[in-house]
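Welcome to a short tour of one protein chain and its charged pairs. Have a look at the structure below, and then we can walk through it together.

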Amino acid sequence: MIPLSLPAVSEATMPYVARLRVDPATAIDEADAVLVVEDEEGASFSGLHGLLTLEGVCADALEGDVMLVQPDTGRADRLLRHGSSHNTLLVTERCDQLCVMCSQPPRKTHVDRFALFEQACLLARPNIVIGITGGEPTLYKDDLFGLIERVGTVRPDIEFHILTNAQHFEASDVDRLRQDVFRRVSWGIPLYSHEPARHDEIVGKTGAFDRLQRSFHVLLLAGARIELRTVLIQDNIDDLPRLARLVASRLRFIESWSIMQLEKTGFARNRWAGLFADHKVGFEPVAAALDYALLHGKAVHLFNFPRCTVPAQYRALAPASISDWKRKFAPACATCREQDQCCGFFEWHPDEHANAWISPL
Ligand code: SF4
């Protein structure tokens, strides 16, 4: 696993953002911190906030990374890795839903770092897509919209992909969301069933389905780009064909639909036996949903579906979707000829399950 948080010693007293530079000639912004010394213990950089020492790393691997340095905790987070296309900002850990399979269980407290995240976005490499996640980012809708507007104005090359439960969009947001900067935002929104009661039960919030429909109306009026997301669990896998009908009729305005296999972390870690729906032995509802969506011209993808667990005719819909920093392959994958096209597994997925499940191609 690629470490996203590093032990750090800093002369600063307050959190700050810095971009690391190994070659002084590439330091063009006052937020650039330049390498001064490197040894077997780590690398030290000098910048506006004094000396920063990162332990146990090679400086070359950090070239161009945008870091959030937190002197109080002795850590530095690699917010935007220069060589990666998987960069996500966790803007809050608060959430107003409690999904039964949540991979990032919420916390009650919020630490406001929007200003630091905005600085980080402005230092990003050109043409990057920045993910924003939580918790629920739209609990801080004004801060979020403000960040998008200011960064989008100065850096029209940057796009955002924002995960949201879409419980907080209002009619009064339409004009703001119609601005050009929001054309470069894609909203990833979960919908788990065509049945309101089942969706509400899965997200742990009465009325969530109906509130979501109101938000869809707002987003439709605003011309927002939407990626619909459905995580498969035992409770909703048989709903997929009916959900596909809903997607192809009342939700025709969505850009794409992602059907996602469960991640064994967060709440799903201890509830795996009661949640995991094995699509390899029961692909029929997934196939029916895919067929219907494709027939009606919807873009549909299978995320976190190892290629060999998917029938051959649907494998083209299952990209290498797991982010590089948390992806691994099982020992049994060693002989597979299609590893480069496969999502593999999350780093925390048990090898015993993976080895027993897969059939190398
Ligand atoms: S054997 Fe491993 S690499 Fe090959 S398709 Fe299956 S999960 Fe992917």
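## A bridge from strand S12 to a loop

In this predicted model, Glu-255 and Arg-225 make a salt bridge, and their closest N and O atoms are 3.0 Å apart. Arg-225 belongs to strand S12 (residues 225-231), while Glu-255 sits in the loop between helix H6 (240-249) and strand S13 (256-260), so the pair ties together parts that are 30 residues apart in sequence.

How accessible are the two partners? Glu-255 has 41% relative accessibility and counts as partly exposed. Arg-225, at 23%, also counts as partly exposed.

## A bridge between two helices

Next, let us turn to a pair in helices. The side chains of Arg-150 and Glu-118 meet in a salt bridge, at 2.9 Å from N to O. Arg-150 is part of helix H2 (residues 141-154) and Glu-118 is part of helix H1 (residues 114-122), so this contact links distant parts of the chain, 32 residues apart.

Is each side chain buried or exposed, or something in between? Glu-118 counts as buried, because its relative accessibility of 15% falls under the 20% limit. Arg-150 has a relative accessible area of 45%, which makes this residue partly exposed.

## A bridge within a network

A further salt bridge joins the side chains of Glu-63 and Arg-21, at 3.1 Å from N to O. Glu-63 lies in the loop between strand S5 (50-55) and strand S6 (66-70), and Arg-21 lies in strand S2 (residues 16-21), so the pair ties together parts that are 42 residues apart in sequence. Arg-21 is buried, with 11% relative accessible area, whereas Glu-63 is partly exposed at 23%.

This pair also has company: salt bridges with shared partners join Arg-19, Arg-21, Asp-32 and Glu-63 into one network. In general, side chains of opposite charge can pair when their charged atoms come close. Across the model, the count comes to 21 salt bridges.

## Around the ligand

What kinds of residue make up the shell around the ligand, by class? Ten are nonpolar, one is polar and one is charged.

The nonpolar residues around the ligand include Cys-308, Cys-333, Cys-336 and Cys-342, along with Phe-329 and Phe-345. Pro-306, Pro-360, Ile-358 and Leu-361 are also around the ligand. The charged residue of the shell is Arg-307, and the polar residue is Gln-339.

Methods
Residues numbered from 1 in each chain as written. Predicted model: local features only at pLDDT ≥ 70, side-chain atom pairs only at ≥ 80, totals over all residues. Heavy atoms only, no water. Near = heavy atom within 4 Å. Salt bridge = Lys/Arg side-chain N within 4 Å of Asp/Glu carboxyl O. Helix = DSSP H or I, 4+ residues; strand = E, 2+ residues; numbered from the N terminus. Buried < 20%, exposed > 50% of the residue type's maximum accessible area, 1.4 Å probe, protein only.
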